[in-house]
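I opened this notebook to record what I looked up about enclosed space in the structure, and about one helix. The entries follow in the order in which I went through them.

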Amino acid sequence: MNINFNLNGQAVEWEVAAHETLLRALRRHGVWGVKFGDEYGYSGADTVLIDGSPMLAGMILAAQADGRQVLTIEGVGGAQQRGWKGSDPLHALQQAFIETGAIQCGYETPAFILCALTLLRDNLRPTEDEVREALAGVLSRDTGYVKPVQAVLRAAARLRGEEVPPIDGAIPAPPDLFLPPQLEVSEPPSMSGADGPMTRVRTSPLPVMTLLPEKEDLQQVGKPKPKVDAAKLVQGKPAFADDIELRGMLTAKVLWSPHPHALIKRIDVSKARALEGVHAVLTYEDLPRVVYTTAGQSHPEPGPHDNFSLDYKVRYVGDRVAMVAAETEALALQALDLIEVEYELLPAVFDPRESMGEGVPILHDEPESWHIEDASRNLAARIEWEVGRVAEGFAQADHIFERVYYSPKVQQTPIENHVVVTWWDEDDRLIIRTSTQVPFHVRRILAPVLGLEEKRIRVIKPRIGGGFGVKQEVLIEDVAAHLTIVTGRPVRFEYTREEEFFTSRSRHPMYITMKTGVTNDGRMVANEMYALSDTGAYGSHALTVAGNTGHKAMALYNAPNIKFTTDIVYTNTPPSGAYRGYGVPQGFWALEQHMEWICREMGFDPIKFRLDNAVKTGDLHPVSKAWNEGRDAQPEYIRTCGLEDCVREGLRAIRWTERYGNYEWHQVAGKPHLRRGIGLACVMQGTAIPRLDMGAASLKINDDGSFNLLVGATDLGTGSDTVLTQIAAEVLGCETTDFITYSSDTDFTPFDKGAYASSTTYISGRATQIAAEEVALQMKKVAAAMFNAEGNGQVQPEAITLRGRAAWAPDGRQVSHREIALYSLHQADQHQIMGIGSYVSPESPPPFGAQFAVVTVDTETGQVTVDELIMAVDSGVIINPVTASGQIEGGMMQALGYAVCEEMAFDTNGSLLNRQFDDYKIFRADEAPELGVIFIETYEESGPFGAKAVAEIPMDGVGPAVANAVYDAVGVWIPDGPILPEKVWRALQEQAL
């Protein structure tokens, strides 16, 4: 059928199928700014404006657009929008999103802007609550929603004709009380349970910081530079893996197992293969039996190798049975229905506490799998280490505290689902365009699986719409690749949201037993942790995730005797994997609740007890000599630790002394059923994997004095492309706008291990700095030759400085970067100025943080409302305060779901119950608490310009801080997460008995 409508101001006539959604029709016609996030519109990524109202393109038929006005992000621009008089092609909203750093991954940004456009069309003086309500239909928790709200309010002010202040520096920490300026909005809303009116975001998108004098002369580092790819993201340009159209592209689908544990006795695909339009149907009988690990880690991968592209055995509901490639999605789904499978059902185990018991079914009895600790006991991996002698420490203790904690299975939920497109190029090489955090690992791991040499595979990583660890996995690329190899055609494979939940990866659920010995004077003399980790049906990241649980969490407190043991077991549930924080949030969920319990029982001051026992600058990292995620353990020292300053500044920010122990503050006037509470958690992370993971960069100058920066590092929305560009610009004395930065293409960029382990700024940043320093030296040599050719005295290269896009001699003479480039490329001693840098760190300097939470608990229902979250962080020198604070805000929001509402739930057959965003709740903009970020700068000599990691540490402290605040409010402990209302209510009922 044909439809006629107005698209972005232009009349169009399209032929569409009767069942085709507007989302698919728009994307089929190259309107890439409209995104798929889920099947039912809960994510809001598919928002468009129809006749001026926000609607979900995936929830309406294309035919319903007939005769209507449709506006997508491609139609938003300065000249086209009412009230915007500027000449800039960007709308005020687009410009504000760039300036405030409101773009994290950028996948949901077009939807945000369209929703805000509707609001500002009718109301140029919105309150913060009105902005949050307008944005509430779009899920983007990686932003924390702080900066998108700031962006809308900033755009509103600009559209009102007001001057808006530039964003050009950090807010210094005040000498007395941390009370950042509040947004000037009309009728500021009162938050439920808060003590007095407040807003949830601050005027500036910059964090509060304690600044180092070492940064005073820096021009690029430490500055809130806009993201280098921000402009294309706010305009919805084709930047993501699925934003591509290839002639003859087939759609792939996979048949998933309905059983948790079974053998495939017979599989008949003849009817599916006979269906017209179906080009391939593959089963385990059609593929070589190659065992591999899906974990995207450096070679040799340390965990179990227990995965096959297709197997004769299924191990969870959602395991692969067969794969299909067809002309359309509808045909592929029809082909799946025609596949006949006969299963032999096997007993299943769902509880990790039963996995190693007698008579329990064995998941991995196949002979090919390896690196499994003890397959006969379903034991995927095991770690045990000890520092000192814990038994002797417990004998010295006056009191021993022991308790079991549980951290649940939760999903990463990037709004961009896993998606890959594969095709053969003109040189008969396989191209894999995929949303991955680890493109180089994808190539290496897939080569034997596909039976191709690595040189015949090229992996392209476009912009990623969120990863959070779930894309540190070789999860879907083999499906499309196998089908392209068989058909010779391009193949596209994308998970639905339901598939993203039940068959991708999740955080490892863990039962953690803490046992701690303390003396009456507050010394921790022994600390022991046992973690029972559930890796699900396959051992992806099994060893290293649980290893990090102990390595990071048990290192915070420098007890003389520390022991950690973990058993990582298989169950017939969807596999666990990497998730931002990588095992460390589970450890701190237990550790920091345990510390609070000890303080409450012993009458210790919770601040003093923690700081007295915590590691300090100059200490030996207490676990470094016992275990390491990478190569052999070696002693490492804590060279920078700002934990005490983090705690001090956080206490002032959260107004601890006014609130903690204050009976009146804990009450809510006129609402006797409500109680307030305040909580704290101290945390540490790691920075990269020492002596193992490597990053590299290459840099060359162009004729006009600009530079091409090629990095293998993977930007997930963290802003790493921008940060690396700032580092290069600082060394070369120019602006970030002077660079063309290109990342993550296995053909063109240098190797990088990928985006994980909080390592990009530290590892890839040092590699970039090394490459830039090599280029700077070459430029100085050319500049010296140019100065000396003038005959006005000899100038040595080392006397030249680079600044302001020029090389400066000591006598004040200068030559521009452009003149240097032209001279070296075209005039004398012709050569290409370029440099390459590689870096492997010998150590892993930990960032530190203090997380604070304020909650209100309803004693009648058990409902916990989190009112405030403030985190003070020592991440070394902050390269870009806007992108770094965005990481902390988004991380806290992600961790908040893990603390109070998120958990994957299964029925008695092991089938996931909550497969969509209606039943699996993540926070919306109108549900977010007040968020605050403080950076305590230290100078880490091993990092680029003093930087350490920032991305993962905000995941660690929110859960225990909220749990401790709940106890402070109502006096009950909730050791098993998440802190659901019914758990709190039951605990209160038991308390009352």
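Working on a predicted model, I began with the second largest cavity, whose lining residues I found to divide into 11 nonpolar, four polar and five charged. I then looked up which residues make up this lining, and noted that there are 20 of them, with N307, F308, Y316, D319 and R320 lying nearest the centre of the cavity. For the space inside the second largest cavity I wrote down about 190 Å³.

Next I asked how many cavities of 30 Å³ or more the structure holds, and the count I entered was eight.

I turned to the largest cavity, in which about 670 Å³ of space lies. Its lining takes in 50 residues, and I listed T718, S758, Q887, A951 and E952 as the closest to the centre. By class, I recorded 20 nonpolar, 24 polar and six charged residues in the lining of the largest cavity. When I checked which helices take part, I found that α13 (542-553), α19 (720-732), α20 (760-789) and α22 (881-900) each supply at least two residues of this lining.

My last entry concerns helix α21, which covers residues 817-827 and whose buried residues I noted as H817, I820, A821, Y823, S824 and L825. I kept in mind that residues three or four places apart in an α-helix point the same way, because there are 3.6 residues a turn. After α21 comes D829, and for this residue I wrote down a positive phi, near 45 degrees.

Technical notes
Residues numbered from 1 in each chain as written. Predicted model: local features only at pLDDT ≥ 70, side-chain atom pairs only at ≥ 80, totals over all residues. Heavy atoms only, no water. Buried < 20%, exposed > 50% of the residue type's maximum accessible area, 1.4 Å probe, protein only. Helix = DSSP H or I, 4+ residues; strand = E, 2+ residues; numbered from the N terminus. 1 Å grid on protein atoms, 1.4 Å probe; cavity = no way out; pocket = protein on both sides within 12 Å on 5 of 7 lines; lining within 4 Å. Points joined across faces, edges and corners; volume = space filled by probe spheres on them. Nonpolar A, V, L, I, M, F, W, Y, C, P; charged D, E, K, R; others polar.
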